[in-house]
Structures are given as structure tokens and as C-alpha cells.
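Biologist: I am new to this structure and would like a close look at one part of it. Could you take me to a single aromatic residue and then show me what lies around the rest of the chain?

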Amino acid sequence: MLTKREKFLSIVVIILTLLSLIPFPAGADFSSLAVLNEISGKVARPGDLVEFSFTVEKGYNTSESTSVTFYIEKVPENWTAGVYADGSQVSQITLPEKADEKELTFKVRVPENAKDGGYTVKIGLKPYGENIRNYDKIYREFTVTIDRAAMPNLEIYSDIPGKKTHPGIPVSFGAFVENKYDSRANFRIFLVSKPEEWGVDLLSTDGARITRLGVPGDGSQEFKILVNPPLNATKGDYEILVAACPEKGNQSVFLPISVSINPELSRDEDLSAYVELNSNIMGFDIRPEKTAEFAVSLKNRYDQPLKLKLEVLSLPEGWKAEFLTEEDKEGRLASLMLPAGEEQEFTVKVKPSQNATSGLYPVIIAAVSGDKKVTRQLEVGINNDIENEELLKVDSNPSELTLNPGGSSEVRVNIENRGDEDLEDVTLEINEANGISAQIQGFGTIDELEAGESRSVSVEITANANAGSGVKEIFIRAKSDDLVSSEKSIKVNVEKSSSSGLLGIAMLGFAVLVLVFVVRKFGRR
């Protein structure tokens with residue numbers, strides 16, 4: 001039977017034995033430093049950058065700062081390794097008084113010629129400083145297993161890897177590079193193969209051509225693949241192959257995309273099944289010298305872009321019609337590329353002939369793709385009874401004047417183009433009155449009178465010596481081709497002054513006296 005003392009000693013021995021069996025990690029309280037990591041082994045392929053995360057923390061409760069130096073103890077030949085803090089390589093760090101731990105990354109670059117197998121890399125950590133009493137190194141080993149058949153740490157894909165289009169019409173694919181590394185990495189993207197004469201561009205989301213992408217750790221980055229088939233592309237399916245690989249590696253992943261060429265729309269359907277050609281206003285009433293402008297829109301209901309030609313199918317003889325861009329009325333349209341599901345507006349400008357008579361005139365326009373077309377009829381009503389806003393106008397200054405017989409005066413005639421088009425060969429015509437003549441000074445024909453422009457012309461008006469007294473009118477107008485201004489009158493008041501009458505009587509008396517003198521002196525002999 002054991003005594004109480006013997007029982008107590010037996011319990012102490014058992015407790016000490018159990019304590020001796022408990023392993024104390026490097027991060028135990030008696031150490032000034034602890035190193036913690038969850039993953040110590042990874043599978044990689046030749047050329048990969050392998051990253052291990054670990055945390056350095058103070059090993060006991062202290063408010064004092066602790067510094068740590070790092071050593072690369074073991075690394076396979078031709079491999080490179082380093083410790084990184086906040087994206088920068090470091091050889092030592094300091095844990096300040098108020099910071100108990102720091103997260104770090106151990107990066108290992110595997111050479112391209114590495115053979116399959118397991119490789120050990122080892123780092124050492126050593127504390128230093130005035131308050132450190134234990135200067136022993138702490139070691140951590142990491143294992144990298146090289147397997148060429150392993151999946152790469154990136155992926156390239158497209159949500160829609162196949163589309164259809166028509167010859168000469170580009171098609172765009174949205175693609176993504178996914179980074180399976182723990183931190184940001186750069187990847188090369190490049191074109192591997194494409195059909196001959198096809199154009200392929202790799203673009204950023206804002207449309208710039210690119211060759212590399214930076215992708216956040218465990219994230220993805222979008223880019224675009226723009227494929228432009230040639231106009232002579234024949235019907236069939238075509239493959240384009242794009243690849244991505246780490247910037248410092250040669251292990252690529254591939255993205256095949258497919259483009260199906262269909263040169264023709266459905267033979268059983270008219271183009272109107274795919275395209276809408278509309279105008280909110282179908283008809284205008286105008287005078288023949290005016291221009292009708294129709295706002296027209298095209299909407300593509302097809303699931304691919306369409307290239308459409310714009311044509312005028314029917315137009316009255318002598319009339320003109322043209323297609324203009326909505327933004328720039330000077331930009332004439334012949335064809336346009338209409339994206340899938342989108343609508344585009346433009347203007348149809350119709351100019352009748354100057355001699356067009358009153359009536360309703362149809363104008364038929366069309367959007368054409370190959371041998372298919374969609375049409376729309378517009379109507380222009382010519383109405384000569386509509387109040388005419390003068391496009392060509394004349395005015396005189398002054399519009400009234402007084403002349404004695406044989407006298408003359410200058411009048412300024414202003415010619416104004418009030419229309420929105422330039423006029424050519426503008427002439428001034430004058431209808432003279434009896435006893436009144438008008439002479440245009442230095443003016444024949446104005447070669448060009450721009451829209452909104454005015455010209456001033458000098459006209460000399462003269463009353464003949466035998467012009468009778470009274471108010472007389474002369475009429476002026478301007479003309480350019482079939483465009484004629486309204487007539488303006490210039491009133492001329494011819495007045496014979498009293499002084500001129502007395503002078504005439506005196507001259508007549510003098511003539512009689514001269515005649516009498518001649519007869520008496522040289523009379524019959």
C-alpha cells in the first residue's frame with residue numbers, strides 16, 4: 001500500500017512525462033519570434049512563379065519592436081527566390097512596438113528547363129536588436145513539385161466563342177484572362193493562327209491594341225478580339241486561335257474562337273425582315289424653289305452588323321436627292337455600317353426643278369444589301385400658292401429722286417441671296433422708262449453669290465434733255481438661272497426749273513437778233 005507521499009511523487013512523474021511528450025513549435029512563448037504558414041507545398045509547371053504566404057509575429061507579449069533578417073538557405077540550381085513585403089523584395093523587416101505580426105510572401109521562380117519531380121526550398125529567419133536574447137535562426141522549408149501535365153495557373157476563355165457574320169463585316173468577341181496566382185501577374189496575349197487575308201486585332205476594353213495584360217491575384221481581366229473577314233470570304237466556318245502565357249514563361253493556354261460566314265441573308269425573306277426604314281414625316285408641301293428635308297432612320301433587327309447602300313429608286317425628272325449625315329449636313333452618305341440591334345438617323349434632301357408645276361410627286365428611297373432591298377416612299381407636294389419668301393432680293397437707295405432734263409444721279413442697288421444655297425451667274429435687269437435711261441457702272445454678271453451674301457451695284461440714271469415733266473418709273477430685278485427676284489421700282493420726278501425757261505427765251509431772242517443782222521448786212525445783192 002502506497003503512502004500519500006509516494007502517491008504524490010507518482011503523479012508528479014506522470015505529469016512531467018506527459019509534458020515531455022508535447023512538442024513546442026517555433027512560435028512558442030519562450031521564443032522571441034514565431035513563423036506561421038498554412039501551405040508549405042505546391043504543384044507547378046516549368047516557367048511558373050510559385051508563391052507561398054507566411055506570417056512573422058512576435059513570440060511573446062511585448063510592446064518592444066522586433067527586427068528580423070531573412071536568408072535564402074537552400075534553392076535548386078538555376079532557381080531564384082526572394083521574400084517580399086507589400087510587393088517589394090526585402091532582406092529584413094521590423095515589427096514596430098504597436099504591430100505584433102507581418103504578412104510576407106516567399107516567391108520562387110522555376111526555370112523553363114526544370115524536370116518533373118519534388119524540389120525543396122528553404123529560408124532562414126533570425127531576430128536581432130537590443131532587446132533580443134535568443135539569436136537562433138528559425139527555418140522554414142517549402143516544397144515545389146514540378147509536373148508538366150499540371151493545369152497552368154491561368155485561364156483564357158470567352159463567354160461566346162462562336163459568332164456568324166457576312167463577308168467584310170467585322171465581328172467582336174469578349175475574352176478574359178483569369179489569374180490563378182495569389183498576386184498580380186502580367187501575361188502576354190498573342191495571335192497563334194487565323195485564316196489567310198483575315199484581320200484580327202487584340203484590343204483593350206477602350207479599343208487600344210494590346211500585347212500584354214496585368215491581372216490582379218485571383219482575378220480576371222477582360223479584352224476584345226476583333227475579327228474582320230475579307231470581302232471575298234466564302235461561306236463556311238473559320239477558326240482563330242489566341243493564346244496567353246505568363247510574361248516570363250512559355251507555357252501557353254489557348255482560346256479557339258469560331259466565325260461562321262454566311263454571304264447571304266435568308267433567301268426566303270425580304271430585307272424588311274431584318275431592317276426597318278422609317279420617316280416620321282412622309283410628305284411636305286413646298287414651293288418649287290424650296291428644298292424638302294426628311295428625317296429618316298434605319299434600324300437593324302438582325303443579330304449581326306449589316307452594310308447597307310443608300311439609293312434613290314424613283315425621282316421626278318430634273319429633281320435632285322441626296323443622303324446627308326444627321327450631324328453634318330455637308331457629309332453625304334452613300335453607304336453605312338449598321339451594328340446589330342442599333343438604329344441610325346440621317347437626312348434625305350430633295351430639291352425640285354425650278355419649273356415644277358403644282359402637284360404631288362413621289363420619291364422612293366431604298367437601303368440595299370446584295371440583291372435585297374427595303375424601300376420607303378416619300379412625297380413632295382408642289383404648291384405655287386404658298387407665300388413665297390424671296391430667295392433673291394433687290395433694293396435701291398434712294399428709291400425716289402428728282403432730275404432736271406439732261407441731269408443724272410447715282411443710285412445704289414443691293415442684291416441679296418437670302419437662300420441656303422450659293423447662286424451663280426447673277427445678273428441685274430433694268431426696264432427703262434420713256435425719256436429716262438439707266439447705265440450699270442462696272443457690272444456685268446456676278447459669277448457667284450454665296451448664301452446670305454449681298455452685293456452693292458452702282459446705277460447711273462439720266463433724264464434726257466427732251467424728257468417731259470412728271471414722275472416716271474423704271475423697274476429693276478435680279479435673276480439667276482430660273483430664280484428671279486420680284487421687281488422694285490425707282491421713281492424719277494423730272495422737273496423743268498424757271499431759270500432754265502428764261503434762259504431758253506433769252507437764247508431764242510438772241511438767235512432772232514443774229515438772224516436780222518445777217519439778213520441786213522448780207523442781204524440780196
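Modeller: Happy to! Let us start with W198, which counts as buried because its relative accessibility is 5%, under the 20% cut-off. Please keep in mind that this is a predicted model.

What does W198 pair with? The ring of W198 has a partner in the ring of Y238: the two centres are 4.7 Å apart and the planes stand at 40°. That angle falls neither under 30 degrees nor over 60, so the pair is tilted. W198 belongs to the loop between β14 (185-193) and β15 (199-203), while Y238 is in strand β18 (residues 236-246). The pair therefore ties together parts that are 40 residues apart in sequence.

The count of aromatic pairs comes to 8. Elsewhere, F52, F106 and F142 form one aromatic cluster. Rings also meet charges here: the charged end of K122 sits over the ring of Y139, 4.6 Å from its centre. In the case of K137, the charged end sits over the ring of Y71, at 4.2 Å from the ring centre.

Now for another residue, K164, which is found in strand β12 (residues 162-165). K164 is partly exposed, because its relative accessible area is 37%, in between the limits of 20% and 50%. Leaving aside residues up to four places away in sequence, K164 touches S260, Y302, D303 and Q304. S260 is 96 residues from K164 along the chain, yet their C-alpha atoms are separated by 4.3 Å.

Stepping back to the protein chain, we find 2 helices and 38 strands. Of its 525 residues, 37% are buried. Among the contacts with a separation of 6 or more, 70% are between residues 24 or more positions apart.

Last comes the largest pocket, with a volume of about 910 Å³. It is lined by 31 residues, of which T291, K351, D420, E421 and D422 are the closest to its centre. Three strands, β24 (320-325), β26 (343-351) and β32 (423-431), each supply at least two residues of that lining. β24 gives the most, with 4 residues. By type, the lining of the largest pocket divides into 17 charged, 7 polar and 7 nonpolar residues.

How values were computed: Residues numbered from 1 in each chain as written. Predicted model: local features only at pLDDT ≥ 70, side-chain atom pairs only at ≥ 80, totals over all residues. Heavy atoms only, no water. Phe/Tyr/Trp six-rings, centres within 6.5 Å; stacked < 30°, edge-to-face > 60°. Buried < 20%, exposed > 50% of the residue type's maximum accessible area, 1.4 Å probe, protein only. Lys NZ or Arg CZ within 6 Å of the ring centre and 35° of its normal. 1 Å grid on protein atoms, 1.4 Å probe; cavity = no way out; pocket = protein on both sides within 12 Å on 5 of 7 lines; lining within 4 Å. Points joined across faces, edges and corners; volume = space filled by probe spheres on them. Nonpolar A, V, L, I, M, F, W, Y, C, P; charged D, E, K, R; others polar. Contact = heavy atoms within 4.5 Å.
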